[in-house]
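Here are two short exercises to work through with the model open in your viewer. Try each task before you read its solution.

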Amino acid sequence: YSLGANRVTFYQSAGECRDPGDLDRGWDDYLLIYANGIASAFPLGGQNGFDSDSLIVDALSYTFDRIYPVGQLQVNRTVTAATRAMVGATYGRTNSRNVRALGNEVCYVLSRDTTGDTPYLFTTFDGGLTWSNNNLTGAGGDAWDGEPVTDVEATGKYVIITSEDGYYLCPIDARTGVADVDFITRVTQGWAGGYYPSSVFALATDSVLFTSQDKRIYRATRLEGGVQKVYDGAASTKDLLRVHGHKQTAVAVGNNGAIVYSTDKGQAWQDAPFANSAPAGTLRGVHVLSPYVWWICGDNGGTAFLVYTVNGGASWAGAALDIPAGVTLESGLDVRFVNDEVGYFLAKDTDDNTLIFATMNGGYTWTPSANRIRDALEDAIATRIAVPEGVAAEVAANSAVVVGTESTTGYIWSLQAAV
């Protein structure tokens, strides 16, 4: 077989290496990841074993997709107002020429007032150290119509906020990343009566996807012009809750084990191929790494799960979670990957605590170890996690934002490299 056709990832420990067999806990300062290496040359050094008894010296030369450090993350907590329920979070996207590279500095978090459903948009410009918030009044544009908000996403041009009456567009200043909440535009064209978006994902600037009730999917090729229905589950009871994609592939999941996918940027959809090992129950989170590798989390009968497929849904396997002793996971809430190696999984236990599991080896192992995430989440049930996209691997792999709510108080946790 050809050695040059098989990719390999190497891990180098910086500082004391306590246990080279434990990738999650065996290092001290940080790990340097040499990702997706391919052998570009492998000459035999000196003579080979058929010539004489001389020592064989072999040399391998690798070319890597990326080389970057992954270390311990510290958790910075922000407590919002006492009546804020956190809905979702998204980093500034860099998939448009109309916006500068925002990196991990700009992030948008959507919340709603639990006493009157008034939406608020929280924004950070320093990676989560400080946050500002604004009421979505639409003073110079369309007024908010009183419907509860459901999700948030960012493109290069807008922050998109979905509600039970369509979606709102907040224009983003291309120089600063500021979302102008005073000039929001409400878009309702294309929605079927009684059905509203439950989640949104910008697969591309010309393919923004929305999930809704009764297994429906809508797509916008131009956000200002509304949506078109591209999938109808024929009035099924399988509401779709989340959608995610990568390049041409998109996957939407929901309750009663609903999984549908598209391979043409969301234009046409079909049910995932049936498999006896397919996840059942309520599917709450999905992340698409490639046309074939998908991660899905949720819960079934009071038990949390995290599963993956490497063949586009034809078969599924459960993730190897390092669950602390005495902890029972009740619900899988969200899953996000930064790249092929680094990812996060949010889960709630039976005592209503949230655990963040991290992987650095593409999901082969998952750990809540303090060696990766130094501080536990406090006082709240986290529901969503956001990671930077389209930025340098070193930045993306050491940044994240988590949001959640305890009773009626909202919380934002920013995860940043510990120093």
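A cavity here is a set of grid points where a 1.4 Å probe fits but cannot get out, and its volume is the space filled by probe spheres set on those points. Keep in mind that the model is predicted.

**Exercise 1.** Find the largest cavity and describe its lining.

*Solution.* Start with the count: there is 1 cavity of 30 Å³ or more. Next comes the volume, and the largest cavity holds about 230 Å³ of space. Now turn to the walls. The lining is made up of 21 residues, and those nearest the centre are Ala89, Thr90, Glu153, Arg242 and Arg336. Two or more lining residues come from each of strand 8 (84–91), strand 12 (149–154), strand 16 (197–204), strand 20 (240–246), strand 28 (329–337) and strand 31 (381–386). Strand 8 gives the largest share, with 4 residues. Finally, sort the lining by character: 9 residues are nonpolar, 4 polar and 8 charged.

**Exercise 2.** Strand 16 also belongs to an open sheet; work out which strands stand at the edges of this sheet, and why one side of each is left without a neighbour.

*Solution.* First write down the strand order, 16-17-18-19, with antiparallel pairing. Then look at the ends: strand 16 and strand 19 (228–232) each have a single partner strand, so one side of each lacks a neighbour in the sheet. As for geometry, neighbouring strands of this sheet are turned by 25° against each other on average, direction ignored. Last, zoom in on one pair. Strand 16 and strand 17 (residues 207–212) are joined in the antiparallel sense over 6 bridges, and alanine 202 stands opposite valine 208 of strand 17.

Key. Residues are numbered from 1 along each chain as its sequence is written. This is a predicted model: local features need pLDDT of at least 70, side-chain atom pairs count only at pLDDT 80 or more; totals for chains, interfaces and linings use all residues. Side-chain values use heavy atoms; hydrogens and water are left out. On a 1 Å grid over the protein atoms alone, a cavity is a set of points where a 1.4 Å probe fits but cannot get out, and a pocket is an open set with protein on both sides within 12 Å along at least five of seven lines; lining residues have an atom within 4 Å of a point. Ala, Val, Leu, Ile, Met, Phe, Trp, Tyr, Cys and Pro count as nonpolar, Asp, Glu, Lys and Arg as charged, and the others, Gly among them, as polar. Two strands pair if DSSP finds at least two bridges between them. Axes are lines fitted to C-alpha atoms, for helices over the stretch in contact, and angles run from 0 to 180 degrees between N-to-C directions.
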